[in-house]
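The exercises below are to be worked with the sequence and the coordinates open side by side. Each task is followed by a solution in steps.

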Amino acid sequence: MRHALAQARVAAGLGEVPVGAVVVAGGRLVSEAANRTRADADPTAHAEILALRAAGAAFGDWRLEGATLYATLEPCAMCAGAAVLARVERIVFGASDPKAGMVGSLGCIPADPRLNHRPGLTRGVLAGEAGVLLRSFFRERR
């Protein structure tokens, strides 16, 4: 999660919402990414999506079995769905997102029994640090 927080700081430096994500498998860092929606003019360029894409390239497969996705903010519907489709083993996140989070706040896509894959979930890892980054970013924008 510390690597994901470092990526969140990169995002903040770019004027992006400070969210970072990493994918870890077999005890090693496979990919890392910072939010780039503004920089790339791409609504799908969330840190989680970028980290999953890079991990797929590193794996040479769209299935990321055995991988863990770490994100500093609770994934939205798009990112939670992508993690399920990628077959990640576990999703770990820091701060909850009561406005858009779909891994427990507004709903829980990864736990939906109708889906064919349900990754494990770990919530609140370094949530305080992630929350401080987010609150500081939005306070400066107001």
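**Exercise 1.** Which residues of helix 3 are buried?

*Solution.* The model is a predicted one, in which local features need pLDDT of at least 70 and side-chain atom pairs count only at pLDDT 80 or more, while totals for chains, interfaces and linings use all residues. Residues are numbered from 1 along each chain as its sequence is written, and side-chain values use heavy atoms, with hydrogens and water left out. Helices (H or I, at least four residues) and strands (E, at least two) are DSSP runs numbered from the N terminus. Taking buried as under 20% relative accessible area and exposed as over 50%, with partly exposed in between (1.4 Å probe, protein chains only), the buried residues of helix 3 are A47, E48, I49, L50, A51, L52, A55 and G56. The cover over these buried residues includes strand 1, strand 2, strand 3 and helix 4 (77-85), where contact means heavy atoms within 4.5 Å.

**Exercise 2.** Compare the expected span of helix 3 with the distance between its end C-alpha atoms.

*Solution.* The expected span is 1.5 Å times one less than the number of residues. For the 13 residues of helix 3 this gives 18 Å, and the end C-alpha atoms are 18 Å apart, which agrees. After the helix comes G60, with a positive phi near 70°.

**Exercise 3.** Describe the largest nonpolar core and the place of helix 3 in it.

*Solution.* A nonpolar core is a set of buried Ala, Val, Leu, Ile, Met, Phe, Trp, Tyr and Cys residues joined through side-chain atoms within 4.5 Å. The largest one has 27 residues, of which A21, V23, L52, L64, L69, A83 and V88 touch the most other members. Elements giving two or more residues to this core include helix 1 (2-13), strand 4 (90-95) and helix 5 (127-141), and the largest share, 5 residues, comes from helix 3. Leaving aside residues up to four places away in sequence, L64 touches L52, A55, G56, F59, A86, R87, V88 and E89.

**Exercise 4.** Which residues other than glycine have a positive phi, and where are they found?

*Solution.* Most residues other than glycine have a negative phi. Among the residues with a positive value is A41, with phi near 50°, in the loop between helix 2 (37-40) and helix 3; A41 is exposed, at a relative accessible area of 69%. Another is R87, with phi near 65°, and R87 lies in the loop between helix 4 and strand 4.
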